[in-house]
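Biologist: Please take a close look at one part of this model for me. I would like the binding site, contact by contact.

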Amino acid sequence: MDKKWWHHLTAYQIYTRSFCDSNGDGIGDFQGIISKLDYLQELGVGAIWISPFNDSPNYDNGYDISDYYAILKDFGTTEDLEELVKECEKRDIIVMMDLVLNHSSNEHPWFLEAAKDRDGKYHDYYIWEEGTEDQPPQGEGAFFGGNVWEWTPQIQEYYYHTFSIQQPDLNWKNEDMRKDLYAMIRYWMEKGIRGFRMDAIDNIVKNGHGGNDQQSEKIHTYLQEMNKYSFGLQDNLLTVGETGGTTLEMAKVYSDPERKELDMVFQFEHVENGNGDYGKWTTEKYDFKEFKNIMIKWQEELAGKAWNSLFLGNHDQPRSVSRFGNDNPAYRDISAKMLATCLHMMQGTPYVYQGEELGMTNVYFDKLEDYRDIESLHYFTELTETGRLTPEYMMKCLMLRSRDNARTPMQWDTSASAGFTTGEPWIKVNPNYRQINAADQLKDPDSVFHYYQKLIRLRKEMDIIVYGEFEALYRDHDQIFAYTRKLGSEKLLTVCNFSAQEAEMELPETFTEGAQCLITNMGRKVFDRKIILNPYEAFVLYKK
Ligand code: ISL
Ligand code: CA
């Protein structure tokens, strides 16, 4: 694998709205981010991916863009963004922008024009089907509500939306539309944006039967074109595609460096494992062995061919410690560190979601009125009103799986609203901020924060973490996730106990003598051949 300037870096995802509010209006903003850059520098991240910051009516918190060139006023101005980029440069951090190219807002001028006039230039920027008011075309259910087709009385046509009614899909078959998007990307590159995360990018090709074709060859053609006319023009950019429907085979194609599409993609197999009849709306826990197999498979299969992205949480997922670890105070810190160890010693680029580095947990709102997320509110109505799930059961699902779990304000300190805002936060703060917050953890050398800091530093310093060959151990064990990495004569062993019970293991021969412990979440000093792992214990051994 050819070496790339970004191979050693760890990225950090910022959900701006919930990160830090500088002016007391209860909404996080760019000046808030700027005020926390020293914190991020101390953590050691090399990139920040910022959730969409373009103008938007915010039905889906910015994932419905009404002006691709303007900055959402809640977040600040273009000057604030320029300042943010500059301040990041000083700290060796690149700014990655979230590009929402599958759809726009229904308030985007293109759509307003398109929905007025069948013969106008912008009509073909979206996807239309004739019909009558009571007879929609054939189509699947939309992600956030109803059918993918929505009636527009004024022109007697239906438009297509993969997500909510307020998010009409752009028509990628239209070359002018594509060129307008590429020009827009170049505009942001000139502003100093050094990377892009492509939202829902494998939805841009439709299957002609009211659904999306996430396996289409055409997606690759468009990505190559986009690469050529925008981010591929510079070689100092970093790109990652959000591909919710990707298979291993597709992922290899997306991120094959030879093909000039994307640097890597986010795959979702590991976070979708355990889904049930109603997708993620279930109270079932994830299946550890399946999870492990999926992670191993992606490590093995992409090796040498394409690059992995590594994540356990983001703004659409519950908090990773609550989901894959154990957020009971007795195990919270230990299991958060264990999860981090498991992920950060793998091959690929780790993405830390804001607050994960503190071990922030699910908020478990038990009142519907506390939820803000369009997806949560929509599915609550849809699944309970049709009698598929009872309201009581659905509330339990929301508590475990709602995207709002990841969207409560960042917990900075023990002051009111966790130091996130001096005003009224747009979504309630998790009351556990008195126990879990950045200020306390910065003072504590054993904190989850300092553990992440160390993992990030190790990746920066050690080639074996970046390039070492991956080999899984204990594949069938139902508590232990263990693997080795090899680079020349160097060897690395990562051992994690994913359970609340002790687990017995034998150290592989090579590591029984002369190995150095790089990191441990329990301060283990002795590494005998036979080891009884404590609940959620993790360690990494290194041998030259
Ligand atoms: O396409 C999928 C599965 O096949 C989905 O998982 C999809 O990738 C995911 O829902 C897309 O999420 C992104 O786009 C949404 C937005 O609400 C999310 O926050 C964003 O991450 C619409 O823009
Ligand atoms: Ca604000």
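Modeller: Start with Gln 214: a polar atom of its side chain sits 3.2 Å from an oxygen atom of ligand 1. Keep in mind that this is a predicted model. His 315 also makes a polar contact. An N or O atom of its side chain is 2.9 Å from an oxygen atom of ligand 1. For Asp 60, the distance from a polar side-chain atom to a ligand 1 oxygen is 2.5 Å. On its own, ligand 1 has 520 Å² of accessible area, and the protein covers 90% of that.

Now the surroundings. Ligand 1 has 18 residues around it. The nearest are Asp 60, His 103, Asp 199, His 315 and Asp 316. So Asp 60 and His 315, named above for their contacts, belong to this nearest group. By class, the shell holds 7 charged, 7 polar and 4 nonpolar residues. The space that ligand 1 takes up is the largest pocket.Ligand 2 is a separate matter. This ligand is a calcium ion, and its protein donors lie 2.3 Å away. Side-chain oxygens come from Asp 21 (OD), Asn 23 (OD1), Asp 25 (OD) and Asp 29 (OD). Ile 27 donates through O. Along the chain, the donors are spaced D-x1-N-x1-D-x1-I-x1-D. Two of these donors can be placed by burial. Asp 21 has a relative accessible area of 8%, so Asp 21 is buried. Ile 27 is buried as well, because its relative accessible area is 13%, and the cut-off for buried is under 20%.

Note on methods: Residues are numbered from 1 along each chain as its sequence is written. Chains are lettered from A and ligands numbered from 1 in the order in which they are written. This is a predicted model: local features need pLDDT of at least 70, side-chain atom pairs count only at pLDDT 80 or more; totals for chains, interfaces and linings use all residues. Side-chain values use heavy atoms; hydrogens and water are left out. Donors are N, O and S atoms within 2.8 Å of the metal (3.2 Å for Na, K and Ca); water is not among the atoms, so sites may look incomplete. Buried means under 20% relative accessible area, exposed over 50%, partly exposed in between (1.4 Å probe, protein chains only). A residue is near a molecule or strand if one of its heavy atoms lies within 4 Å of it. A polar contact is a pair of N or O atoms within 3.5 Å; within protein, one must be able to donate a hydrogen and the other to accept it, and residues adjacent in sequence count only if both atoms are side-chain atoms. Accessible areas come from the Shrake-Rupley method with a 1.4 Å probe; for residues, only the protein chains shown count as cover. On a 1 Å grid over the protein atoms alone, a cavity is a set of points where a 1.4 Å probe fits but cannot get out, and a pocket is an open set with protein on both sides within 12 Å along at least five of seven lines; lining residues have an atom within 4 Å of a point. A molecule sits in a cavity or pocket if more than half of its atoms lie within 2 Å of its grid points. Ala, Val, Leu, Ile, Met, Phe, Trp, Tyr, Cys and Pro count as nonpolar, Asp, Glu, Lys and Arg as charged, and the others, Gly among them, as polar.
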